[in-house]
Amino acid sequence: MIEIFEYCGKEDGISFLVLAAVHGNETAGTKALRRLIGQLEKREIEIGKGKLTLVPVCNPAAYQKNVRETEENLNRVMKPHQNPQTYEQKLANEICPLIATHRMTLDLHSTHCPEDVPFAFCDYADEYNKPLIAVLPVGYVLEGWPQMYAAQNAISDFSTERYAHTCGNTATTLECGYHEAETAAEIAYQAVLNALAALGMIEAPMPPLMDKKHILMKYFVIKEKSGRLLKNYKHLDKIRAGEKLAVYDDGTILTAPQDGFILLPNPDAKIGTEWYYLGKQG
Ligand SMILES: [Zn+2]
């Protein structure tokens, strides 16, 4: 069972859901939400309008073991499962009713490499997530994820954003930087406070808008067999067409098809999972 915290304002307003640790080892959001829950309980922060729902740990078993998942990636099976087969599918059955009943969801994640730059995903831009993303304390927005997956025939995957969109709601994913970075929890905390102010849920001045670079995601590469990345790539490193990015142990080399950026490189990717993504400035 997941732990859910709800705070209702006296006045009507938007329903806002914040999720953390959908991936169990991504704990920046958990730390931020626990800090916020402490302040809400002490009434140092009060929800004036609307309803705020917080889930500090969406994948408790993976969180306990400090691993991404137990049986499968929860952020690929985020839809209702009539006959759930895995632990993560059972979790999805607890979380999806929340996503379905909240107009806006913010899903807090973190990434694999030290020095990773924080960024937001915007899969389905609309009038709800555009102003929210504008106040998130990050300099990059990654777009085009659904189109990229559709182009590579992998559209059966359901992320938080896709499920929210399917329900007629809106979700945004925030990647707060490297899992272990001290700044990640602070970015997560500031992001939620800025969102609460921008959504009019707390009495606070409108947070400053932060300029964002927009990156269009073009390809993802699944690690098919044993191999390694050829450089100590970081998220958003620039790459050139033809650059050798990775090599399999059998000698097969993977190169960049065009100039752009390497995104979310995971040097520890398991076989059959996403190794890295490629994108270009949009
Ligand atoms: Zn994640």
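# Notebook: rings, a zinc ion and two domains

I opened with two aromatic residues: Phe220 and Tyr277 are both buried. For burial I use relative accessible area, with a 1.4 Å probe and protein chains only: buried is under 20%, exposed is over 50%, and partly exposed is in between.

Before going further, I noted that this is a predicted model, where local features need pLDDT of at least 70 and side-chain atom pairs count only at pLDDT 80 or more, while totals for chains, interfaces and linings use all residues. Residues are numbered from 1 along each chain as its sequence is written, and side-chain values use heavy atoms, with hydrogens and water left out.

**Entry: the rings**

How many aromatic pairs does a search of the whole structure find? I got eight. A pair here means rings of Phe, Tyr or Trp (its six-membered ring) with centres within 6.5 Å; planes under 30 degrees apart are stacked, over 60 edge-to-face, and the rest tilted.

I looked up Trp145 and Tyr277: their ring centres are 5.3 Å apart and the planes stand at 35 degrees, so I wrote the pair down as tilted. This pair joins distant parts of the chain, with Trp145 in helix α5 (residues 145-151) and Tyr277 in strand β14 (residues 274-281), 132 residues apart. Helices (H or I, at least four residues) and strands (E, at least two) are DSSP runs, numbered from the N terminus. Trp145 has 13% relative accessibility and therefore counts as buried. Tyr277 comes out at 4%, so I put it down as buried too.

Tyr277 also pairs with Phe220: the centres are 6.4 Å apart and the planes are at 50 degrees, so this pair is tilted. Again distant parts of the chain are linked, since Phe220 is in strand β8 (residues 213-222) and Tyr277 is in strand β14, 57 residues apart. Stepping back, I found that ring pairs tie Phe119, Phe121, Trp145, Tyr149, Phe220 and Tyr277 into a cluster.

**Entry: charges over rings**

My test was NZ of Lys or CZ of Arg within 6 Å of the ring centre and within 35 degrees of the ring normal. The charged end of Arg35 passes, sitting over the ring of Tyr189 at 3.5 Å from its centre. Lys225 lies over the face of Tyr248, 5.0 Å from the ring centre.

**Entry: the zinc ion**

Which atoms coordinate the zinc ion? I listed His23 (ND1), Glu26 (OE) twice and His109 (ND1), at 2.0 to 2.5 Å. Donors are N, O and S atoms within 2.8 Å of the metal (3.2 Å for Na, K and Ca), and water is not among the atoms, so sites may look incomplete.

The angles between the four donor atoms run from 56 to 146 degrees, which makes the arrangement irregular. Four donors would be tetrahedral with all angles between 85 and 135 degrees; four are square planar and six octahedral if opposite donors are over 155 degrees apart and all others between 65 and 115; anything else is irregular.

Along the chain I read the donor spacing as H-x2-E-x82-H. Glu26 and His109 link distant parts of the chain: Glu26 sits in the loop between β2 (11-20) and α1 (28-41), and His109 in strand β4 (residues 104-111), 83 residues apart. Both Glu26 and His109 are buried.

**Entry: residues in loops**

I found Asp123 in the loop between β5 (119-122) and α4 (129-134). Its relative accessibility is 9%, so Asp123 is buried. Setting aside neighbours within four places in sequence, Asp123 is in contact with Trp145, Pro146, Ser159 and Glu161; contact means heavy atoms within 4.5 Å.

Next came His235, in the loop between β9 (227-229) and β10 (237-239). Is His235 buried or exposed? Its 2% relative accessibility makes it buried. Beyond neighbours within four places in sequence, its contacts include Asp116, Phe119 and Leu264.

Leu236 is in the loop between β9 and β10 as well, and has a positive phi of about 75 degrees although it is not a glycine. Glu115, in the loop between β4 and β5, also has a positive phi, near 70 degrees. Leu236 counts as buried at 10%, whereas Glu115 is exposed at 63%.

**Entry: the domains**

The assignment, automatic or from a database, gives domain 1 (5-198) and domain 2 (217-281). Their C-alpha centres lie 26 Å apart. The contact takes 20 residues from domain 1 and 16 residues from domain 2.
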